[in-house]
Amino acid sequence: MTKKDPTSQMKDQEEDQRSNRSQNRLTPTPRPRTRSPNTQSPQDSNSHSSSSEYYSRRNGHGDEREETLQDSDEDWDSMSSGMTEQDPNTLRHGSSISSLKSNNTLSGSMMSLFSSGEFGAVEVKGRILFSLDYDTQKEELHVMVSRCEDLAAARKNRSDPYVKAYLLPDKSSHSKKKTSVKKKTLSPVFDQTLKYKISVSEMRGRTLNLSVWHAAPLGRNLFLGEVELELATWDWTHTHPDWYQLVPRVQCNQDSISSRGIMVLSIKFTPAGSEGAGLPLTGELHIWLREAVGLLSTKGGAIDSFVKSFVLPDASRSSSQKTRVVRRTLSPTYNHTMVYDGFQPADLKEACAELTVWHREGLKTHLLGGVRLSPGTGLSYGQPVCWMDSTEEEVAVWTSMMQKPNQWIDTTLRIRTNLVQRPE
């Protein structure tokens, strides 16, 4: 049986999506071109048609089923060493290469966002030997934990160490794996494989956290050090074990996070009359929100999320559209097509499609971040505007859409947290 590394599989999947959409599990739902004011299609039962000064819109919903994950659990291990100021030395990624941009650019440990505890004086020292492999047939990530060397002594010149793993930002029991405990040793040999059932696409948004702990039967376990690796940048052709220095848990501030995941979407502009028989009646902007990957909330674990859209400069309620809420998952599939009509090609040079991701928690909603697709000029109809602040990647997507009418432009973009706030 021939194994294919996950990086190649990602590329194959993207090619399949471009060359044959009809076979993809996510397909945009067709929308009627005209509709009586008193008639709605079944897919539009939760939406309405309205007009505004700039554009009118139609709203549609996909019918992908909601995904679920287990609830987050409380981790009772405490850190008796290690919240420190940031160390300028960064952890070496053994043989990793950059195949995708980092989803969550952090200045410290991702695990520090979700953990708390008592901080004592146990020294962080030593190193850990492990390797990674991905079984594309079974869709399993294998973390082979070999051994540790020269660990800190937690109790009277000894430790009872074990290794714990998470696929962050999921800190639920679904994500937590542990090795066995090795008694009275500072150089334990584990030779254990921790397995995760996870798809290639979802793995792109995960960070592997491996931490070493001293097991204290009558008290809280003691933190001995950790390693974090972003799986999006890992070289999956490299399967040999490597040594990694254990490091203290560097405190990371929530405000320092520049991205809270990845948004996967497609966008298309359909000029008036380009489909024959005078249809569409006006130019249409189609936004197909497919999924998000690796959403990072403030608490970690699976969340309820939805995406809201505006096509600026119209920030009125009639311009707003929303996906359904997808419950209890870090990588929600929205499969939702938003259609805005009333466009002339010249309007695209003045407009911005703003897509924001929201975490719903009870009756409250919290903004995680978003993307803005626009020319990025800072101007709209000759007036300075704060929301025309697209990144180079976002501008490239918008420009490609304008240059290739009637073609879906597929893209994967960071859900960034630095969107300039619009005036109400």
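Two strands pair if DSSP finds at least two bridges between them. The views below are close-ups of a predicted model.

**View 1. Strand β5 against strand β8.**
Strand β5 covers residues 161-168. β5 and β8 pair in the antiparallel sense, over 8 bridges. One bridge can be picked out by residue: Lys164 has Ser211 of β8 as its partner. Strands of a sheet pair through backbone hydrogen bonds, either parallel or antiparallel.

**View 2. The open sheet β6-β5-β8-β9.**
This sheet is open and has 4 strands, in the order β6-β5-β8-β9. The pairing is antiparallel. Which strands stand at the edges? They are β6 (177-178) and β9 (222-230). Each has a single partner strand, so one side of each is left without a neighbour in the sheet.

**View 3. Strand β8 against strand β9.**
β8 spans residues 207-214. Its link to β9 consists of 8 bridges, and the two strands run antiparallel. Two residue pairs help to set the register. Leu210 faces Val227 in β9. Thr207 is opposite Glu230 in β9.

**View 4. Burial of strand β8.**
How many of the 8 residues of β8 are buried? The count is 8 of the 8, so the strand is largely enclosed by the rest of the structure. Both faces are covered. On one side the buried residues are Thr207, Asn209, Ser211 and Trp213. On the other side they are Leu208, Leu210, Val212 and His214.

**View 5. Asn209 in strand β8.**
Asn209 lies in β8. Its relative accessible area is 0%, so Asn209 is buried. The side chain still has a polar partner. A polar contact of 2.9 Å links the side chain of Asn209 to the side chain of Glu228.

**View 6. His214 in strand β8.**
His214 also belongs to strand β8. Is this residue buried or exposed? His214 is buried, at a relative accessible area of 3%. The side chain of His214 reaches the backbone nitrogen of Asp160, at 2.8 Å. Leaving out residues up to four places away in sequence, the contacts of His214 include Ala154, Arg155, Arg158 and Ser159. Asp160, Pro161 and Tyr162 are also among them. So are Asn221, Leu222 and Leu224.

**View 7. The open sheet β7-β4-β3-β10.**
Here an open sheet of 4 strands follows the order β7-β4-β3-β10. The pairing is antiparallel. β7 (189-197) and β10 (242-245) are at the edges. Each has a single partner strand, so one side of each lacks a neighbour in the sheet. Neighbouring strands of this sheet are turned by 30° against each other on average, direction ignored.

**View 8. Strand β4 against strand β7.**
Strand β4 takes in residues 140-149. β4 and β7 run antiparallel and are joined by 7 bridges. Within this pairing, Arg147 stands opposite Val189 in β7.

**View 9. Asp235 in the loop between β9 and β10.**
Where is Asp235 found? Its place is the loop between β9 and β10. With a relative accessible area of 16%, Asp235 is buried, because the cut-off for buried is under 20%. The side chains of Asp235 and Thr237 share a polar contact of 2.6 Å. Asp235 and Leu132 are 103 residues apart along the chain, yet their C-alpha atoms are separated by 9.5 Å.

**View 10. Val264 in strand β12.**
Val264 sits in strand β12, residues 259-270. Val264 is buried, at 7% relative accessible area. Which residues does Val264 touch, not counting those up to four places away in sequence? They are Arg204, Trp288, Leu289, Arg290, Glu291, Val293, Thr411 and Thr412. Val264 and Leu413 are 149 residues apart in sequence. In space, their C-alpha atoms are 6.6 Å apart.

**View 11. Cysteines.**
A disulfide is a covalent bond between the sulfur atoms of two cysteines. The structure holds 0 disulfides. Why does Cys386 form no such bond? The closest cysteine sulfur, in Cys352, is 9.8 Å from the sulfur of Cys386, too far for a bond. Cys386 counts as partly exposed, at 28% relative accessibility. Cys148 counts as buried, at 1% relative accessibility.

Technical notes:
Residues are numbered from 1 along each chain as its sequence is written. This is a predicted model: local features need pLDDT of at least 70, side-chain atom pairs count only at pLDDT 80 or more; totals for chains, interfaces and linings use all residues. Side-chain values use heavy atoms; hydrogens and water are left out. Axes are lines fitted to C-alpha atoms, for helices over the stretch in contact, and angles run from 0 to 180 degrees between N-to-C directions. Buried means under 20% relative accessible area, exposed over 50%, partly exposed in between (1.4 Å probe, protein chains only). A polar contact is a pair of N or O atoms within 3.5 Å; within protein, one must be able to donate a hydrogen and the other to accept it, and residues adjacent in sequence count only if both atoms are side-chain atoms. A disulfide is a pair of cysteine sulfur atoms within 2.5 Å. Contact means heavy atoms within 4.5 Å.
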